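Biologist: Could you take a close look at one chain for me and walk me through how it is built and what it touches? Keep it casual, I just want the picture.

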Amino acid sequence: MATKDTGSILSRLPRVEAVDSETRDGVLFALPYLLVFSVFLLYPLLKGLYMSLFDWNAFNPAQSEFILAENYVRMLGDPAFWAAVRATALFVVLTVPTLVGLGLALALGVNQDIKGKRFLRTVFFSPYVLTVSVVSLIWAEMYAPQYGPINYYLELIMSNPPAWLNSFTFAMPAVALATIWWTVGFNFVILLAARQGVSERLYEAARIDGASTWRAFKDITLPQMRPAIVFVTTVQLIASFQVFGQVFIMTNGGPGNSTQTLVMYLFRVAFRQQEFGYAAAIGYFLFVVLVGVSLINYKFVGGSD
Amino acid sequence: MSSRISNRIGRPEPKTVGLYVALYGAALLFLTPYLYMLSTSLKTEEFAFSQQPYWIPPEVTFEWYQAVMQGVPILQWLINTLIIAGATTIIVVIIDSMIAFSLTKLDWPGKRIVFTVIIASFMVPIYANMVPLYTIISDFGLLNSPLAVILPFSAIPIGVFLFTQFFKDLPDSVIEAAKLDGFSTFQIYLRIVLPLMKPAIAALSLYTFVYTWNQFLWPLIVLQGEMSFTLPVGIVTTQPTQVFQPGAEMAVTLIAAAPLFIVFLILQEHLVNAVQMQGTTG
């Protein structure tokens, strides 16, 4: 492509040639990921917005009808959607504060001068490597009213223990408890690392000043660990908003629709009722809420980083 | 160290006892679901359905393990899961390290925008993309194929983010020196950057493997035939026995949990590091 002339010009301007080959290599090295990223992440994101504006025909997309914002209007007036919002909010409230608080308590405990640190860390972290199916199947049996161990022990101290997964009141707390067992280890190890990163000199200084343990916790531990606490809170909020596997396996959304969360409702609308346009609208709504929650969390709770 | 603070205050003893009771008590509670799974999988039907929880089965049977091996294609599910998690991990490590190298050590127009778009897409949950992604996978004719899971999970940007954090700390002088020695860009990436980044690669590999292995919702959507299931999908969609049996359910659960749990016990330092790295770089 290059003639003899331009070749000689380029050789007289070595910097231009260097930049060119670096640009070429830079793009070549970025290309494989960018391809996968564009096709399987960016493109679906745009296609989802597009689909949400149609009464999408899952079997023959060409026959889809453009309906502008009708899916979103329908969503706002859909009682099942709002029930799913309430169920999701309940799950978030039942899990996030406990997951962060218990994770912090375990981290501060294991950070103390005690024997068996490694053993304790292994035990508290281990459920995190299980898949949601394993967790749900074990807990579903433990909650079983007829032969499960939980109600056996409860019957020793109360006459009528709850039917857990079959109870309108207790199904969601039961799912939340299983979830806490499953994922608190993630917060625990991150907060443990953050606590170990706090300079002991700060505690020495507090000790010399005669500060109480509570003061040291409030004035040193909490502020120093703030970025890590904000991080795990954000991760847990996002994870809990998207809860699916636990409810799908343990309750299938029941009893009634009392544990049908947003992602589960989305799954039903899309893959049981084949309403892809409406499901895409719900998906977009979920996405916007997640971005909003993360931003609010970082802006107002986070402060730094 | 903070125990020294309590020493100063002067009542360390009951506090320390309380701490031990709380932590080891919590550990015991954390272990009971494992014990329940193991003991129930070894119980005869009579004891499995018994009201009284026999934590140690009075009579040990392996019939449920036999029933699982005969009743469901669990080895096929194991192989499928291994292929999906393994391939995703290899692809992620290769393409994420390549682009991270390009974004941190090579200069080209537009790379800032590219980086910003990738980091912003962190927020996109795979669930929000569920429906459009399904139509794309279906259009490609990939339903039921391991690629239906491998490709979307290879697009997740967390590895790009982690690698750029680590590659940034690699001194430019090392790369300049290699250039002067006549190394090509590819040789620099392969012979200098990758060997120096072994810890980051190990951490990301392990994290990606575990993350992909455990996925439930997406494989449930795109893998629809029993022979294409992964372990997490298979064990909840297919019952190992005609009639529900707690022992058989726990046997299939234990078999599904065992491989990754053993990997965890061997490599837990690395996995803990991988998780902690997210917290400190995030």
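Modeller: Sure, let's go with chain B, whose secondary structure is 15 helices and 0 strands. Chain B is more spread out than a compact globule, because its radius of gyration of 25 Å is well over the 19 Å that the globule rule gives for 282 residues. Keep in mind that this is a predicted model. Measure the C-alpha trace of chain B along its principal axes and you get a span of about 75 × 70 × 35 Å. As for burial, 43% of the 282 residues in chain B count as buried. Then there's the contact pattern: take the contacts in chain B between residues at least 6 apart in sequence, and 75% of them join residues at least 24 apart.

Now for what chain B touches. On the chain A side, 80 residues are in contact with 82 residues of chain B. Helix α2 of chain A, residues 14-51, gives the most to that side, with 21 residues. Sort the side of chain A that touches chain B by class and you find 58 nonpolar, 15 polar and 7 charged residues.

A word on the partner itself, since you'll see it right alongside. Chain A is divided into domain 1, covering 4-40, and domain 2, covering 78-302. Between the C-alpha centres of those two domains of chain A there are 47 Å.

Terms used:
Residues numbered from 1 in each chain as written. Chains lettered and ligands numbered in written order. Predicted model: local features only at pLDDT ≥ 70, side-chain atom pairs only at ≥ 80, totals over all residues. Domains from an automatic or database assignment. Helix = DSSP H or I, 4+ residues; strand = E, 2+ residues; numbered from the N terminus. Rg over C-alpha atoms; globule rule 2.2 N^0.38 Å. Buried ≥ 20, exposed ≤ 12 C-beta atoms within 10 Å, placed from the backbone. Contact = placed C-beta atoms within 7 Å. Nonpolar A, V, L, I, M, F, W, Y, C, P; charged D, E, K, R; others polar.
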